[in-house]
Amino acid sequence: MALVTGADSGIGEAYAQAMAEAGADVVCVDIDFVGAKQIADQVRKLGKRAVAVVDDVSNEATTLVESTIEQWRRDIDVNLTGVYLPAREAAKVMATNRRGKIIATASIMAFRSPAVAARGQWYAVAKAGVVNLIRALGVELAGHNIQVNAIAPGYTRTGIKGGFLKVPSGPDIERIKSRTPIRSLAEPNEYKGVALFLASEASDLMTGFTVAVDSGYLAW
């Protein structure tokens, strides 16, 4: 059984498909019930069981000068607490079964100065918290035979921030490409392989680690 948050579209949708293709039943979680149900239907077409669950995984990004405490709490709640709570509940079940895999989504912005992510000041701070949360949970849950790791995606052609990354070309796209050695943005499906690796026995000796899948952005 796999539980995937943000399953309505983009990377979350790719994770849900990957888990189903590998033989897992999937709980599809998203703020958009209609979208989550559509992905659950896709999973069922692959011959696996699926259920759609509503949860709020939206994000409001701000700069420091414009920010309010409510916006700070929103970003921290969605991007950090929103990882902690599902992980905690999953761990309760996995600890009883003495096995399990928890995979979170961080971001390459977790490894950069938050000032670099001017459009998402608190997003970057929260995602850096995810990296250390994963380290802490990896240590905490190791005795229960639960591995906890994360994927830090690079710039990906999803609907985030109004979908500006989906356009074929333009100043923003070319600027991002110029910062990546591979000179390309990722498609959501390109994360399936690393997600399946972290969900499989092949990663049993990995825990507390965040894998950057970023077209070489952090190596530049």
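**Exercise 1. S215 and its surroundings**

Decide whether S215 is buried or exposed in this predicted model, and state what is notable about its phi.

*Solution.* Begin with the relative accessible area of S215, which is 17%. A residue counts as buried when this value is under 20%, and therefore S215 is buried. Next, locate the residue along the chain: S215 is found in the segment that comes after β6, the strand of residues 209-213. Finally, turn to the backbone, where S215 has a positive phi of about 60° although it is not a glycine. Most residues other than glycine have a negative phi.

**Exercise 2. R183**

Work out where R183 is placed in the chain, and whether R183 is buried, partly exposed or exposed.

*Solution.* The place of R183 is in the loop that joins α5 (171-178) to α6. Its relative accessible area is 44%, and since the partly exposed class lies between 20% and 50%, R183 is partly exposed. As a last step, look at the backbone of R183, which has a positive phi of about 60° even though R183 is not a glycine.

**Exercise 3. The cavity**

Find how many cavities of 30 Å³ or more the structure holds, and which residues line the largest cavity.

*Solution.* The structure holds one cavity of 30 Å³ or more. The volume of the largest cavity is about 40 Å³. Its lining includes G154, Y155, I176 and T180, together with S184, L185, A186 and Y191, and also D214 and S215.

**Exercise 4. The nonpolar cores**

Determine which residues of the largest nonpolar core touch the most other members, and which element gives the most to this core.

*Solution.* The largest nonpolar core has 24 residues, of which Y15, V26, C28 and I151 touch the most other members. Among the elements that give two or more residues to this core are β1 (2-5), α1 (10-21), β2 (26-30) and α2 (33-45), and β3 and α6 (192-199) belong to that list as well. The element that gives the most is α1, with five residues. Apart from this core lies another one, of 18 residues, including A91, I134, L137 and I146.

**Exercise 5. The whole chain and its surface**

Describe the secondary structure of the chain, the share of buried residues, and the nonpolar patch on the surface.

*Solution.* The chain has six helices and six strands, and from the N terminus on they follow the order β-α-β-α-β-α-β-α-β-α-α-β. Of the 220 residues in the chain, 44% are buried. On the surface, F33, V34 and V54 form a nonpolar patch with about 280 Å² of accessible area together, and V54 lies in strand β3, which covers residues 50-54.

Definitions and conventions. Residues numbered from 1 in each chain as written. Predicted model: local features only at pLDDT ≥ 70, side-chain atom pairs only at ≥ 80, totals over all residues. Heavy atoms only, no water. Patch = residues over 30% accessible without salt bridge, like charges linked within 9 Å, V, L, I, M, F, W, Y side chains within 5 Å. Areas by Shrake-Rupley, 256 points an atom, 1.4 Å probe, with all protein chains shown as cover. Salt bridge = Lys/Arg side-chain N within 4 Å of Asp/Glu carboxyl O. Helix = DSSP H or I, 4+ residues; strand = E, 2+ residues; numbered from the N terminus. Core = buried A, V, L, I, M, F, W, Y, C linked by side-chain atoms within 4.5 Å. Buried < 20%, exposed > 50% of the residue type's maximum accessible area, 1.4 Å probe, protein only. 1 Å grid on protein atoms, 1.4 Å probe; cavity = no way out; pocket = protein on both sides within 12 Å on 5 of 7 lines; lining within 4 Å. Points joined across faces, edges and corners; volume = space filled by probe spheres on them.
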